Amino acid sequence: MYGRVEAPHSNRRDLQNLRTLSVYLWEYRGRVLLALGCLVLSKLMVVAVPLLLKEIVNTLDEGTSDALVGGVAGSDVLLVSLGLVAAYGLLRLGNSFFKELRDALFARVRYRAMHRLSTRVLSHLHDLSLSYHLERRTGSISKDLSRSTSSLSSIVNLLVFNIVPTIAEFLLVAAILLGGYGWHYTLVVVITVVIYILFTLKFSGWRMQFRHEMNRLDSLANGRAVDSLLNYETVKYFNNENFEQKAYNQYLSDWADAGVKSQTTMSMLNFGQAALVAIGVTIIMMLAANDVANQTITLGDIVLINALMLQLFVPLNLLGVVYRGLQYALADMDLVIKLLELKPEIKDKPGATDLNIKQGHIEFDDVRFAYLSERPILKGISFKVEPGKKVAVVGPSGSGKSTLSRLLFRFYDTDEGAIRIDGMDIRDCTQSSLREVLGVVPQDTVMFNDSIRYNLAYARNDATDEEVKAAAKAANLSEFIDSLPQGYDTVVGERGLKLSGGEKQRMAIARVILKNPTIIVFDEATSSLDTRSEQTILEGLNAAAERATSLVIAHRLSTIVDADEILVLDAGEIVERGTHDELLQNQSLYANLWQLQQHEGAKSNQNSSDDNT
Ligand SMILES: Nc1ncnc2c1ncn2[C@@H]1O[C@H](COP(=O)(O)OP(=O)(O)O)[C@@H](O)[C@H]1O
Ligand SMILES: [Mg+2]
């Protein structure tokens, strides 16, 4: 879905993208101009080398023929030619000096631009909505970042260090030929170069399909392999190693076929290029040999022409590679720029103010919401949570409970109706100030692959070690952490996989205690705990919730008996509401659930006390 670009895109779009890119370079225009100056100087010197070579050959040639005729000034000739040779050496030196200076000057431009672009891409990825990230495939996100730096770097490299210098050199060579030797030389060179370029571009364009095919299969194979490794446990549970291997193998074998085609066409391209160069240079040299025979040009001239030709075709030889590289880089850049052009669905309104939190009054006002328009999830939900009070939501799985929490955090906007905090519509305040006052113990807690200390302190980056430990204690975690050989420095594994569900939930509770927000959402915060652990940490939970307004999505009804109001959600509608006692008297859904859980609870308590004896 989001692999490499498969179809070639328009040149106009490329030009637009280049313009977008140039903004990043233009900031360093002083340096860019200096580097371009160096480029021109070094190219002038490159072209001056054969010119000097011609002089050397001619001086020596005249000198020797004069000497043969018994002429004068043999030592003068030597002196002059020695001087020329020294100049020749200096030119070569100068050429490489300016070339290196150009690269050094340009390095800052290039790396700074890469740095800025990557930073911008990451911050943009953070701004994009949850819905965007849920659709992404694992691994493709990290590609976005590396793609932005590598494509920028390649484009700049190819243009500045390859394409522009080659064009400059070509123009100089054409000018020298036109000025010194007449139009027919120039014509042959121009025709050769034009045919060469057309051939290279057409042929490269045609064989690009094999590269695209290779890239497509490569990313499919990789995606498959990565997916199967990420789901290592699942693969093992279902004994599906062979199934995974077969799929991977199929992709790779197709990839290898495409690779062979790509290589053979590459050889064809190289040979075609070499043939064109050979033909062009041969014609030129025939013209030159003819002119030398007619004595219209000197021996030095033929050396000059030969050297110019060879020099010119060296960079052109790389044209196929350069062209392909540029196409890829442009395609990648196109993806990066498209990504940057994606508008976050959830945006701060222009002029959004900070949420002015007073007490933490929450109001859901006839909220309607659907992830996909054809399947409504919430169908007109209204309730209020008074400051410092506790409202509980219960209901079957899939009834939309966690969705309430996502809407409150404004990961999505409501389709109709409004959510207000202390009277302010959450769409009118900045997202940052909104999330500042909210805390959540999520249904599935995901951790960074770092230490327990780091993961706890993530809730508040400036928390002291004492505060972290106090929070862990309040969440009933200290005993567990102390039992670990590495204590707070224990690394929790990718996404926190080395922790049990209950441990992760207690980590999440400790985080909220540490963050100490005005409003807390508990999303089945104790569902992974056994009844006894639940009882012990309920105290911690209640301590955290004591001053806060809390919205408790509950799995076990015993944890919400004391709620100020209980909402029973079913299929996106509130079907019953009231306090625990009121609902029990109703003798309907809630009462039934309660009966059921009382029964189970009794049984599991029985079991756990059995275990203890
Ligand atoms: N990103 C999503 N895209 C489409 N459907 C979703 C998405 N997230 C949740 N859903 C669906 O919305 C419904 C309610 O989800 P949720 O609020 O998580 O239920 P629960 O009450 O169990 O917490 C579920 O049927 C779920 O499949
Ligand atoms: Mg849920």
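In this predicted model, strands β4 and β5 run antiparallel and are joined by two bridges, where strands are DSSP runs of E of at least two residues, helices are DSSP runs of H or I of at least four, and both are numbered from the N terminus. Two strands are taken to pair if DSSP finds at least two bridges between them. The bridge partner of I421 in β5 is M424, and in the hairpin of β4 and β5, which has two residues between the strands, D422 takes a positive phi near 50°. Residues are numbered from 1 along each chain as its sequence is written, while chains are lettered from A and ligands numbered from 1 in the order in which they are written. Local features need a pLDDT of at least 70 and side-chain atom pairs count only at pLDDT 80 or more, whereas totals for chains, interfaces and linings use all residues.

The hairpin belongs to an open sheet of four strands, ordered β2-β1-β4-β5 with antiparallel pairing. Its edge strands are β2 (375-385) and β5 (424-425), each of which pairs on one side only. The table sets out strand pairings of the model, including the parallel ones made by β8.

| Strands | Sense | Bridges | Citation |
|---|---|---|---|
| β1 and β2 | antiparallel | eight bridges | |
| β1 and β4 (416-421) | antiparallel | five bridges | |
| β3 (390-394) and β8 | parallel | four bridges | |
| β7 (519-523) and β8 | parallel | five bridges | |

Individual residues fix the register of these pairings. E363 stands opposite K384 in β2, and F364 stands opposite I419 in β4. For β8, A392 stands opposite V552, while the bridge partner of I520 in this strand is S550.

Strand β8 (residues 549-553) is mostly covered, with five of its five residues buried; a residue counts as buried if 20 or more other C-beta atoms, placed from the backbone, lie within 10 Å of its own, as exposed if 12 or fewer do, and as partly exposed in between. Both faces of β8 are covered, T549, L551 and I553 being buried on one side and S550 and V552 on the other.

Ligand 1 is surrounded by L134, Y371, L372, I377, S397, G398, S399, G400, K401, S402 and T403, a residue being near a molecule if its C-beta atom, placed from the backbone, lies within 6 Å of it. The elements giving two or more residues to this shell are β1 (362-372) and α11 (401-408), and the largest share, three residues, comes from α11. By class, the shell has four nonpolar, six polar and one charged residues, where Ala, Val, Leu, Ile, Met, Phe, Trp, Tyr, Cys and Pro count as nonpolar, Asp, Glu, Lys and Arg as charged, and the others, Gly among them, as polar.

The domain assignment, which is automatic or taken from a database, gives domain 1 (11-341) and domain 2 (362-612), with 58 Å between their centres, taken over C-alpha atoms. L335 lies in helix α10 (residues 319-341) and counts as partly exposed because it has 19 C-beta neighbours inside 10 Å. L335 and R147 are 188 residues apart in sequence and 8.7 Å apart in space, C-alpha to C-alpha.

The protein chain averages a pLDDT of 85, and 93% of the residues score at least 70, on the predictor's scale of confidence in each residue from 0 to 100. The value stays under 50 over residues 1-8, for which the model has 14 contacts beyond four places in sequence, and also over residues 607-613, for which it has three such contacts; a contact requires C-beta atoms, placed from the backbone, within 7 Å. Where pLDDT is low, the predicted coordinates should not be read in detail.

Notes. Two residues are in contact if their C-beta atoms, placed from the backbone, lie within 7 Å.
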